[in-house]
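Please open the model in your viewer, with side chains available for selection, and follow the stops below in order.

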Amino acid sequence: MWEEIIFSSKRVQRVLSRRIIENKAEARDSDVAMALLTGDKQLLDSNIREQYSKAGVSHVLAISGLHLGIIFLFLNFFLSPLLFVRRGKIIRTILIIFILWTYCFITGLSPSVMRSAFMLSLMQISFLTTRNYNSYNALFSSAFVLILMNPYFIYDISFQMSYLAIFTILFFFPRLRRWSRAEKAENWILSKSKEYKGFKRVGWLGMRRGFQFITGVLLVGVSAQIGVTPITGYFFGIFPLLNIFVNPVIMVLMMQIIFMGFIYLLIFDTPAGDMVGELFSGLISALNEVVQWTSSFKYASIEYGNLSLAGLYISYAVIVSLMIIIKWSEYRKSRLANV
């Protein structure tokens, strides 16, 4: 039964890959498009892989939690109007989980993608079933269930990196927003919007959304980097220097590529298919140009040799100690404020 499902998934993956090839884009762009949308990396040449690696964004080429996370955030944002209708929360949850697993199916049902889909599905259900949502509970619950299903997951590098990245994002992202005054700036823009009506107010609100997105992507990148840098150094010996600054651009392009790519695959045979295909190809080309430009810098990344196991343990001990100090400081401030 499971073998038949896998076979069907691979067949759909091949059909969609052929549709992308028939888009008549440049070979380089078609190869990257297949990797991004269907997880088919067979045609990627070593030059493209090297450029993405030097730019510190090689994870983009492998269907993973990043792609599902983009879809997850995108769907939660655009389906948020359902929250204002009766049982809209349930409808939104069902739709998001269905789309996540559909994406898993068309990308070949790889174990790493299914793990991410399972984790995000649990998080989405947590949104539905709890009023006081605790992100850490959902994160550790999903990890616990997955390890029960297969204890060897804990030795899988993609599993380790996914959970380390999400854990440090949950801890550092809200604090970095506060420390960087990004939250204060957003509130200032919101207060300014209340001074106007009509299109001017919409413009200010749009500016707030744009500022929120750019700072959010940048700070999420920094937060994730804290969690995965030691383990990246241990396994690969590479420390990317520019990817934190390039990530906002990459994320914007990725969101548009995934959105436009699926529209293209859905309307491939319609009159609008060619126009959407050209837009899709343009976005892929822009992504490749950004990566090529970034990788051209001499110090886009540093190869410093693999971090030792002792160095790995010390690095995470420092990070955990820092988190404890921050948490203790916040606890003391809250105690003093309540006195």
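The tour goes from salt bridges to a polar contact and then to surface patches.

This is a predicted model, in which local features need pLDDT of at least 70 and side-chain atom pairs count only at pLDDT 80 or more, while totals for chains, interfaces and linings use all residues. Residues are numbered from 1 along each chain as its sequence is written, and side-chain values use heavy atoms, with hydrogens and water left out.

**Salt bridges**

Begin by selecting Glu 330 and Arg 175, whose side chains meet in a salt bridge at 2.7 Å, N to O (the term requires a side-chain nitrogen of Lys or Arg within 4 Å of a carboxyl oxygen of Asp or Glu). Because Glu 330 lies in helix 13 (residues 309–338) and Arg 175 in helix 8 (residues 157–179), the pair ties together parts that are 155 residues apart in sequence; helices here are DSSP runs of H or I with at least four residues, numbered from the N terminus.

Colouring by accessibility is useful at this stop, where Arg 175 counts as buried at 8% relative accessibility and Glu 330 as partly exposed at 23% (buried means under 20% relative accessible area, exposed over 50%, and partly exposed in between, with a 1.4 Å probe and protein chains only).

Now add Arg 178, which forms a salt bridge with Glu 330, the closest N and O atoms being 3.1 Å apart. Arg 178 is partly exposed at 41% relative accessibility, and together Arg 175, Arg 178 and Glu 330 are linked in a network of salt bridges.

Next select Glu 186 and Arg 177, which are both buried and whose side chains meet in a salt bridge at 2.7 Å, N to O.

**A polar contact in helix 10**

Move to Thr 215 in helix 10 (residues 199–235), a buried residue with a relative accessible area of 16%. Which backbone oxygen does the side chain of Thr 215 reach? The partner is the backbone oxygen of Phe 211, at 2.7 Å.

**A nonpolar surface patch**

Finally, select Ile 91, Leu 95, Phe 98 and Ile 99, which form a nonpolar patch on the surface with about 340 Å² of accessible area together. Such patches are made of residues with over 30% relative accessible area and no salt bridge, nonpolar side chains (Val, Leu, Ile, Met, Phe, Trp, Tyr) being joined within 5 Å, and the areas come from the Shrake-Rupley method with a 1.4 Å probe. Ile 91 sits in helix 5 (residues 88–106) and is partly exposed, with a relative accessible area of 39%.

Notes:
Helix = DSSP H or I, 4+ residues; strand = E, 2+ residues; numbered from the N terminus. Polar contact = N/O pair within 3.5 Å; in protein donor to acceptor, adjacent residues only side chain to side chain. Patch = residues over 30% accessible without salt bridge, like charges linked within 9 Å, V, L, I, M, F, W, Y side chains within 5 Å.
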